[in-house]
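Let's take a look at the aromatic rings in this one and see how they pair up.

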Amino acid sequence: MFLAIRELSFARLRFALMGAVIALIAVLMVMLSGLSVGLVRDGVSGLQNLPVTSFAFAQDVQRDSAFSRSVVDLSAVDEWDAQPGVADAAPFGNTLVNTRTDRGTEVDLALFGVQPDSFLSPSVSQGERLGTEDGIVVSPTALDAGLQMGDTVTIDRLGTRLRVVGVTKQQDTFGHVDVAYVPLAAWQAIKSGTAPGTALPQRAATEITAVAVRADDGKSVDLPAGDTAAGTESLTLKESYGASPGYTAETTTLQLIQGFLYAISALVAGAFFAVWAIQRKPEVAVLRALGASTGWVLRDALTQALVLLAAAVAIGVGIGLALGALITGSGIPFALSMPSISAAGAGLVVLGLVGAGAAVIRITSVDPATALGGNR
């Protein structure tokens, strides 16, 4: 430990340059972590906030587009409600629409069709909950997009008018589009293209996107058995995220980038300490000649690497958090999550130690005779 600290002080410029590289990688990792969390929240927060454990879609539906392709008969709700372990089952509708306010503001909305008296009906932070036939409850991010309480929005090419009566307590978005909760009957009319003032076709009145299922606390639901009884195909809540537009492509891309950054961090640390280890080979030989064990030499080198990596990552994470705080709220899908950032920082340190250890271990068994001139 003493030798490691002395070397850090003696070659501080060299170690500072190495630390700066690691710190920059840490900054980039924090930014990618924030972007990843922000994109997930912007893509599926509407689903994350639903009090459900699974969705039952149409049988053999294409999973990556289940919310847009699935059509389930309303009778499936009763079948699921009767399954063991199910606390509640309710109809759920989903569709994307283009709307325009009376003030001319264009707003895209993801309509979630729910029964106002079901467990899916959202709580509100302002205004009133679902109840009126034409009332909708919107995400607070929709207010940032131009909506206001009391606004009336008109759905393009259909003419259906909906009035904003409430705002949810937290961000609700789906596929990067603001969610608007709407009574199921109104959603069925919109989904079927029924014009205002026209009777809803009987078939449309029995069609929904999926059955939302909530399991009893501490219990699990036999999804295959429920699917067999109801003629559906179930996805757990987390599995249903993949049916949100662009979710899988975005998260996979960011995960690959983060994986490459981890690998780069290990390679950079390994390359630096490999060069440093070769340069200090004579000193290591002297230590071995004085009786230092292989384990002692390795621990000394890893301590040196740990101090450098921990300090550099801490500085990089601090800079990243400061930059992230400036970005948050600017309209970019970015959200700081301390668990994700902590895991990323720890990963950088651990992989850096692995790279340093792999580089240093080759000289820990150097022959003491090297220090005594036996190789000359």
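Buried here means under 20% relative accessible area, exposed means over 50%, and partly exposed is in between (1.4 Å probe, protein chains only). By that yardstick Phe-174 is buried, as its relative accessible area is 3%. Phe-92 is buried too, at 0%, and so is Phe-112, also at 0%.

A quick word on the source: this is a predicted model, where local features need pLDDT of at least 70, side-chain atom pairs count only at pLDDT 80 or more, and totals for chains, interfaces and linings use all residues. Residues are numbered from 1 along each chain as its sequence is written, and side-chain values use heavy atoms, with hydrogens and water left out.

Searching the whole structure turns up ten aromatic pairs (Phe, Tyr and Trp rings, the six-membered one for Trp, with centres within 6.5 Å; planes under 30 degrees apart are stacked, over 60 edge-to-face, the rest tilted). Here are two of them:

| Pair | Centre to centre | Angle between planes | Type |
|---|---|---|---|
| Phe-92 and Phe-112 | 5.0 Å | 70° | edge-to-face |
| Phe-112 and Phe-174 | 6.0 Å | 70° | edge-to-face |

Phe-92 sits in strand S3 (residues 86–101) and Phe-112 in strand S4 (residues 106–114), so their pair ties together parts 20 residues apart in sequence. Strands are DSSP runs of E, at least two residues, numbered from the N terminus. Phe-112 and Phe-174, the latter in strand S9 (residues 173–174), link distant parts of the chain, 62 residues apart.

Ring pairs also join Phe-92, Phe-112 and Phe-174 into a cluster with Phe-55, Phe-57, Phe-67 and Tyr-181.

Technical notes:
Helix = DSSP H or I, 4+ residues; strand = E, 2+ residues; numbered from the N terminus.
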